[in-house]
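Me: Please take me through the features of this structure one at a time, giving the general idea before the particular case.

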Amino acid sequence: YNEYKSYLSIDMSEYEGPPSVKLMAPSISDLQSVPTPGPSNFYNIASPAVPFTPSTPLDHGIEPRIQNIVSTVNLACKLDLKKIALHARNAEYNPKRFAAVIMRIREPRTTALLFNSGKMVCTGAKSEEESRLAARKYARVVQKLGFPAKFTEFKIQNMVGSCDVKFPIRLEGLFAQHGQFTNYEPELFPGLIYRMVRPKIVLLIFVSGKVVLTGAKKREDIHEAFESIYPILKNFRKK
């Protein structure tokens with residue numbers, strides 16, 4: 001469960017309910033492989049199954065906030081991870097546990113995973129600009145240690161956003177009517193998992209009205225997904 005919360009990089013305590021309830025969240029691989037009806041992959045289902053998307057922005061005044069951005073960079077050179085761990089600040093390396101150096105900086109407050117191949121993953125940024133800036137700082141650290149590192153193939157891989165619709169939601173009813181898109185097992189995880197087709201976003205919807213959106217490649221996808229799901233959530237508002 002801690003691994004799952006770490007992936008989202010947000011405080012899940014406000015979504016989970018009382019701390020006395022012991023919960024087990026699905027792994028990220030589970031989120032990516034929930035079985036769906038039919039022989040084809042879920043994301044290839046014909047467009048008529050796509051949730052209704054309003055033609056104009058809704059007048060609800062709610063805007064999802066970006067909580068975490070995961071990006072990747074290719075430094076285009078092989079890295080000596082032991083050397084990096086020994087000479088860089090705020091770096092740790094335990095090859096028995098994980099085959100990458102974990103490095104952190106305070107501004108922007110982010111974490112990087114550096115692999116022997118020269119590939120790097122940067123996580124924790126709150127904006128695209130912060131993510132790029134942080135990745136450049138990590139690349140500069142590697143350069144100062146004597147590696148011919150270059151800053152190439154920067155790409156946003158995942159964006160996580162969250163918001164609060166300010167009303168409780170009947171998750172059982174939503175699951176019953178949108179079973180093709182959803183997975184809901186409250187004994188394992190308190191949220192309903194809604195897999196949107198277009199844009200390809202996974203939403204975690206909680207009875208409190210809190211919503212987490214993940215899987216986006218660009219900020220517009222987060223907002224488009226929320227505009228699509230909001231009228232659906234209003235239909236399942238608890239009276």
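Reply: Let us begin with a single bridge, in which leucine 204 has valine 212 of strand 10 as its partner. This is a predicted model, in which local features need pLDDT of at least 70 and side-chain atom pairs count only at pLDDT 80 or more, while totals for chains, interfaces and linings use all residues. Residues are numbered from 1 along each chain as its sequence is written, and side-chain values use heavy atoms, with hydrogens and water left out.

Me: In which sense do strand 9 and strand 10 pair, and over how many bridges?

Reply: In general, strands of a sheet pair through backbone hydrogen bonds, either parallel or antiparallel. Here strands are DSSP runs of E with at least two residues, helices are runs of H or I with at least four, and both are numbered from the N terminus; two strands pair if DSSP finds at least two bridges between them. Strand 9 (residues 202–205) and strand 10 (residues 210–216) are antiparallel, with four bridges. Strand 6 also pairs with strand 10 in the antiparallel sense, over six bridges, and in this pairing aspartate 164 is opposite lysine 210. Strand 1 and strand 6 run antiparallel as well, joined by eight bridges, and asparagine 74 faces threonine 152 in strand 6.

Me: What is the order of the strands in the open sheet, and which strands stand at the edges?

Reply: The open sheet has 10 strands with antiparallel pairing, in the order 2-3-4-5-1-6-10-9-8-7. Strand 2 (91–92) and strand 7 (182–183) are at the edges, because each has a single partner strand and so one side without a neighbour in the sheet. Helix 5 packs on this sheet, touching strand 1, strand 3, strand 4, strand 5 and strand 6, and its direction makes about 135° with that of strand 5; axes are lines fitted to C-alpha atoms, for helices over the stretch in contact, and angles run from 0 to 180 degrees between N-to-C directions.

Me: Which residues of helix 5 are buried, and which are exposed on the other side?

Reply: An α-helix has 3.6 residues a turn, so residues three or four places apart point the same way. The buried residues (under 20% relative accessible area, against over 50% for exposed and in between for partly exposed, with a 1.4 Å probe and protein chains only) are Ser131, Ala134, Ala135, Tyr138, Ala139 and Val142. They cover an arc of only 140° around the axis, and therefore lie on the same side of helix 5; the arc is that of the directions from the helix axis to the C-beta atoms. Glu129 and Lys144, on the other side, are exposed.

Me: Where is phenylalanine 147 found, and what is it in contact with beyond its neighbours in sequence?

Reply: Phenylalanine 147 is in the loop between helix 5 (128–144) and strand 6 (152–164), and counts as buried because its relative accessibility is 11%. Beyond neighbours within four places in sequence, its contacts (heavy atoms within 4.5 Å) include Cys77, Leu79 and Val142. Cysteine 77 is 70 residues away in sequence, yet the C-alpha atoms of the two are 7.4 Å apart.

Me: Which backbone values deserve attention?

Reply: Most residues other than glycine have a negative phi, and most peptide bonds are trans. Asparagine 90 has a positive phi of about 50° and is exposed, at 56% relative accessible area. A cis peptide bond joins glutamate 107 and proline 108, with omega about -10°, and another joins arginine 198 and proline 199, with omega about 0°.
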